[in-house]
Every structure is written in C-alpha cells, then in structure tokens.
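Here are a few notes from my read-through, set out as numbered points. I hope they help as you look over the structure.

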Amino acid sequence: MAFDRYRRVLALPGVRALLLVGMIARIPLTGTGMTLTLHVVNHQKLGFLQAGLIGAASMAGAAIGSPLVGRFVDRRGLRPVMAVTTVVQLCLWCAAPAMPYAVLLPGALVGGLFSQPVFGAVRQCIAAMVPKENHQTGFALDSMGVELSYMVGPALAVTCVTAFGSTATMYGVAAGLVGAGVAFYLLDPPTRSAEEAAGHGEAVPRRQWLRPALFALFGMVTGLTFVLTTTELAVVAMLKAGDATAWTGLVVALWCAYSLVGGFVYGGLPRGLSPVLLAGGLCALTVPVGLVGGGWWWLCLALLPSGLLCAPALSSTVDAVNRRVPAAARGEAMGLHGTSLTIGGALAGPIAGGILDAYGPAWAFAASGVAGLVPAVIAVLVWRRAPVSVPGATAPGAMFPGAALPEAAVPEAGAALEVPGAGGAVAGAEAAASLRASDGE
C-alpha cells in the first residue's frame, strides 16, 4: 500500500527530478556551518567562541532572510531569486578564505540573509506539483531527502577540511552552491499548480492568513527543533561522559536512520496525523531517554521511539503550513517556517549547553522534552478557540490532516485569491545541530 502511494507521487512529471536535485543541492548548504567553524578554529587559530559567533551570525541572517526571500519568490518567481542569491553566495565563498575574522563575521550574516531558497522552494514546489491528496507522501519524501543530505553534508565538510584544508573546501562549497543554483534555474519547477496559476486576483493580505493559529504552529516548530538539537548535544555529552565518544557517529547515524524509517512509514499511511500528536509524542518520548544506562547500545534503543517520529513530525508541520495559507503567500509562510526552525536551533545551543554543564545529559533530555511540550499544548488551545478560514487554504482541518472538514468550512468555488509564487530557505537551523555537536565532541 505504501509503495503504491510513493509510486503515484514519483510518477508525476518533474517530481523525481525535483527531489533528486533538491537532495543534492542541500548537501553543500548543510556543510557550510561545519566548514566555517573549522576554518575559524583551524585556519584562523581562534576559539570555539569566535566560531560560535560566526554560526550565530549566519543563523540570524537566515532567520531574517527566509521570509523576505520567500516573499520575493511569491512576487517575482523562483528563477530571479535563485540567480541573485547564487551570485551573492559565489562572491562571499570565494572571498571568505581571504577575509579576516572581523570581516568574516558580518559576511556570515550577509550570507544568511541571501541564503538560497532551496529548502523552502522544494517544499513549495511539491505543494504545487503534487495533488492535495498526496501532499503527505510528497512532504515525507522531502523530509527523507533532507535527512540524507544532513547525513552527508557536515561529514563531507569535515573530511574535505581534514584532507584538503579549509580554503580548498570553501572553494568547493562555492562550486556546490553555484551548481545548486544553476540546477534549480534550469529545472525551474513550478511554484503554483495549474489551478492556482489560472487565478488572477490580488495578493491576500497578511492579516487574513498570519493569524494566532499559524503563530502557534510556528511556536511548535521552534520547540520541535529545540528538542532535536538538544537531543543531539545530549547524546554527544552522554557518550563522552561514558568514555564512548568513538561511538558517537554510529549512534547519531542510527538516530537519523530511525527518522528515515519513520518518514517512509508515515508517507505511506492512508491519512495523515496531527502535527500536535507527532511533535508532542516526540517531545514526550525524549524526556526519559537520559535515564538509560548500560552502554551506547542502550542509548541507541532509547532513541528509537522519538527518532521514528522525527521526519513525520517535521513533514506534518510543513503540510500544516501549506494547508493553512493561500498559494499567493506560500513562499513567505514557508520562509517563516524556516525562521522558526532556525530560532529553535539557535536557542538550543546556549540553553542546552548550560543544562549539560550544570546538571548533565539526563536533565537536558528531560528539560528539552518538557519545554517542547509547552508550545504543543498552546497550539491545541489556540486551534480549538480559533478555527478560522483562509482564502485559498483548507484552514479548519489544516492542523489535523486527514480529518473531514465541516461542510461550512469548505470555501465556495471561485472564493480563493491566488497570485504567483512562493519559496523559502531553512538550512541554517538544521545545520546548527551537527555543527554544535561537533564542537561538543
């Protein structure tokens, strides 16, 4: 049954090419944080504090730039935005090896602001190219592709810096980013479906779709990324405390594999699950992980339940955002989703580090899980109070995919307001986890 759903999605024109290009294009993006960190520490002979500031500047730029870039894609289309951001990345990464730290710091901020909208663009194009009844499967495929990219990108960056030095690796990153930009420019996937492109209305004002229910969803996304980033840091700290640092790579790889399996199963289900159920379940199952003892293999088993929910939880939030906003604002909304991811990863570094230093890994698992449950509970309360309808979006059932909509909630034919485009970028937040985990190791 699951294979039939995947077969239908992958048989759609252009979807296989989009997913393949998106997965490969994300690899250099996921390696940028590790490359900058090792360049500052190894080449410039500075400390991890300075390297952390570089990462923070890049994430701050990405958090600000994601919705702005997405808004430009909404208005101008993907091609011009991809062309501009690719040129900026090429200039920055070719100049970065010669930049002193005082210049590299603001350069990282600019690089984040003009980050290529690969992550958000792939998700937005899936929403346009895949029928609504198969969005769950399409977004699950995207989440699995992201997982594979993050399994390769940071590790490849470390290998290249070790073998060839940070300067050569930076030029390699520049080449990879240019290749990604050119590939997307030539592929030029549609950012709106044929039905959406046929509409000719004015853009939907933000006040009609950027409502408390969507803010609650973004808060839950932030909490989810906070838990995932803290989990990776706590895994590193727990294995280090148990003199099992050598097994860190294997444990993290298995954790990623659990996510892939969970994403595959979720994408094949006949109906989706509420993001509250998935995200809340992941957070709740993270709380007791720190109680495990007896060796690294027990930690692998303890991470299995929450790991299986990782890709499903993330893909369900993307689906919920897509359902909650009109096509005309999809790019900006995906950009705000990326900003939420970035904020969660950025907050996890100092907060989790403080808990690990003061109380140890067990409390880091527990505290992050409880903290992640708070926005999930808030989301439930907000959604029950304000089930609002949004032009061009299936709002009332958006937070609970697969649930039947009440008849009154279904917009009448012709009621949607649709205009071109969408896009966004989220690379900084997810890369932060691997970057900081490497620092802790």
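1. How much of the chain over residues 214–239 is helix, and how far apart are the end C-alpha atoms? In this predicted model, that stretch is 100% helix and 0% strand, with its end C-alpha atoms 38 Å apart.

2. That range also appears in the database record: the unreviewed UniProt entry places a "transmembrane region" at residues 214–239, and others including 9–27, 154–187 and 273–290. Residues 273–290 come out at 67% helix and 0% strand, and there the end C-alpha atoms lie 27 Å apart.

3. Now the chain as a whole. Its secondary structure comes to 19 helices and zero strands. Of its 441 residues, 56% are buried. Among contacts with a separation of 6 or more, 87% are between residues 24 or more positions apart.

4. Next, the interior. The largest nonpolar core holds 102 residues, and F184, M220, V235, V251, L299, L303 and W383 are those with the most contacts inside it. Helix α11 (residues 212–241) supplies the largest share of this core, 15 residues.

5. L299 is a good residue to click on. Leaving aside residues up to four places away in sequence, L299 touches V235, M238, L239, V251, V289 and V292. Of these partners, V235 and V251 are also listed with L299 among the residues with the most contacts inside the core.

6. Finally, a helix pair. Helix α11 packs with helix α17 (residues 330–358) at an angle of about 40°, their axes 7 Å apart. The two helices are therefore oblique to each other, and their crossing is right-handed.

Note on methods: Residues numbered from 1 in each chain as written. Predicted model: local features only at pLDDT ≥ 70, side-chain atom pairs only at ≥ 80, totals over all residues. Heavy atoms only, no water. Core = buried A, V, L, I, M, F, W, Y, C linked by side-chain atoms within 4.5 Å. Buried < 20%, exposed > 50% of the residue type's maximum accessible area, 1.4 Å probe, protein only. Helix = DSSP H or I, 4+ residues; strand = E, 2+ residues; numbered from the N terminus. Contact = heavy atoms within 4.5 Å. UniProt positions renumbered as here; feature names shortened; annotations may be inferred. Axes fitted to C-alpha atoms, helices over the stretch in contact; angles between N-to-C directions. Parallel < 35°, antiparallel > 145°, perpendicular 65-115°, else oblique. Left-handed = near helix turned anticlockwise from the far one by under 90°.
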